[in-house]
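Here is a friendly walk through one structure, taken one pair of elements at a time. Keep the 3D view open and turn it as you read.

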Amino acid sequence: MSSTFTLGVIGGVLTLAVLFEMLRRQRLREKYAVIWILVVGITVLVAVFPRTLTAAADLLGVQVPANLLFFGAIMLLLVISIQLSYEIGRLEERTRTLAEEVSLLRLQHERHHGASAPEVPDVVERGEAPPDDPGTPGTLG
Amino acid sequence: MPERRDQRILVVIPAWNEAGVIASTIAEIMAARPDVDLLVVDDGSGDSTADVAEAAGALVARLPYNLGVGGAMRTGYRYALREGYDVVVQIDADGQHDPRYLTELVRGLDEADVVVGARFAGTGTYRASGPRRWAMWLLAKVLSRLAGVRLTDVTSGFRAANRRAVTVFADHYPAEYLGDTVESLVIALRVGCTVHQLPVEMRPRTVGQASQSTLRATLYLARAVVALGLALVRRWPSATETLGQEKS
């Protein structure tokens, strides 16, 4: 059991350190950090007190405690993935709205001030360019 | 008497990498109806579509990246609403929609909020087969039932919308697969708009072609079923509440 203990604690501490550093550099928002800190907490708890796991397995009638652990972990990851998909969908909807607004604002601007306004080379995002885009150099501007 | 004189009509052309044909499409529309305004929504093209369209005399809204037809069209509807147009007509950039039908479509708005130019309604020679045909049949059946009138070609991108429908579409025009055609019609019907169709003849596309392989057609069928099913049960929390909110 000692190896479980060391692995669990080391993993937990490492994860916490990474989370903390990401929070410090503002690469991670608190609302997303909370769930992972909770996960770390549970992991460390199970590593330090393995009997909590066995007890929970007994309580739920799971014969092999590790299976309960796997089940829990998989369910948790599933839920988090779904949550992330949801967030991405919301962001896509927002960027879509912004993109539409930007194009209309630009059109409005050009109509009022003439297209002669200093034309910045188009920043067409090529990252998602569909496959049949031959990658022509920007012809605008 | 073609239509009410005071009607302001905006033709919206969603265009993505159509530099080759967009100029002739614009010229044709202008020749058919010199009185309408033309807005090309450049959907993040990598080629010179926007410049060509501008040179041809159309207004051009440039999307910073590719959003799909749904995104391009919602941009158009928003523009129309803000600028106070009474009618929006969608015409594809590739020249398969004959602008001679434009007047008929707009006239159809006397009796409906949305008028779709349909390929299978008697005119023209367009034929589909296999799973693609079943998909179109299924979509047409369900939409017809919903609309209360017979619709045969619900995936047509040739359509006219009056102010009422434009108000809805300015807020809710899905960017997802089949969202710009099928789901948008479902949305219109579910918020109480009426949808009619008019037979139109469509020309073969000048560039590119619809995929016809069986595998792709089957995939199309599956996606159509999913898209339609979702469209029917989906909630639009603000679909009716925000009507007109777009007005600036």
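Let us begin where two chains meet: helix α4(A) passes helix α3(B) in a right-handed crossing. This is a predicted model, so please read every value below as computed from it. Helix α4 covers residues 65-113 of chain A, and helix α3 covers residues 69-83 of chain B. Their axes lie 10 Å apart and make an angle of about 50°. That angle makes α4(A) oblique to α3(B), because it falls neither under 35 degrees nor in the range 65 to 115.

Which residues make this contact? From α4(A) come Arg96(A), Ala99(A), Glu100(A), Ser103(A) and Leu104(A), while α3(B) brings Gly71(B), Arg74(B), Thr75(B), Arg78(B) and Tyr79(B). Sorted by kind, the residues of this contact are three nonpolar, three polar and four charged.

**Helices within one chain**

Now stay inside chain A and look at helix α1, residues 2-24. At 1.5 Å a residue, its 23 residues should span 33 Å, and the end C-alpha atoms are indeed 33 Å apart, so the two values agree. After α1(A) comes Gln26(A), with a positive phi near 60°.

The neighbour to look for is helix α2(A), residues 30-48. The axes of α1(A) and α2(A) come within 8 Å and cross at roughly 165°. Since angles over 145 degrees count as roughly antiparallel, that is how α1(A) lies to α2(A). The crossing of α1(A) and α2(A) is left-handed. Among the residues that meet here are Phe5(A), Leu16(A) and Leu19(A) in α1(A), and Trp36(A), Ile37(A) and Val40(A) in α2(A). In this contact, 13 residues are nonpolar, six are polar and one is charged.

In chain B, turn to helix α5 (residues 130-147) and helix α8 (residues 214-233). Their axes are 7 Å apart, at an angle of about 20°. The two helices are therefore roughly parallel to each other. Their crossing is left-handed. The contact includes Trp134(B), Leu138(B) and Val142(B) of α5(B), along with Tyr220(B), Leu221(B) and Leu228(B) of α8(B). Here twelve residues are nonpolar, three polar and one charged.

The table puts the three pairs side by side.

| Helix pair | Angle between axes | Axis distance |
|---|---|---|
| α4(A) and α3(B) | about 50° | 10 Å |
| α1(A) and α2(A) | roughly 165° | within 8 Å |
| α5(B) and α8(B) | about 20° | 7 Å |

**The sheet of chain B**

In what order do the strands of the sheet run? Seven strands form an open sheet in chain B, in the order β3-β2-β1-β4-β6-β5-β7, with mixed pairing. At the edges are β3 (59-63) and β7 (195-199) of chain B, each of which pairs on one side only. From one strand to the next, the twist averages 20°.

Look more closely at β5 (residues 114-118) and β6 (residues 159-162) of chain B: they pair in the antiparallel sense over three bridges. Val114(B) has Ala161(B) in β6(B) as its bridge partner. Helix α6 of chain B, residues 163-171, packs on the sheet and touches β4, β5 and β6 of chain B. The direction of α6(B) makes about 100° with that of β6(B).

Technical notes. Residues numbered from 1 in each chain as written. Chains lettered and ligands numbered in written order. Predicted model: local features only at pLDDT ≥ 70, side-chain atom pairs only at ≥ 80, totals over all residues. Pairing = 2+ DSSP bridges. Helix = DSSP H or I, 4+ residues; strand = E, 2+ residues; numbered from the N terminus. Axes fitted to C-alpha atoms, helices over the stretch in contact; angles between N-to-C directions. Contact = placed C-beta atoms within 7 Å. Expected span 1.5 Å × (residues − 1). Left-handed = near helix turned anticlockwise from the far one by under 90°. Nonpolar A, V, L, I, M, F, W, Y, C, P; charged D, E, K, R; others polar.
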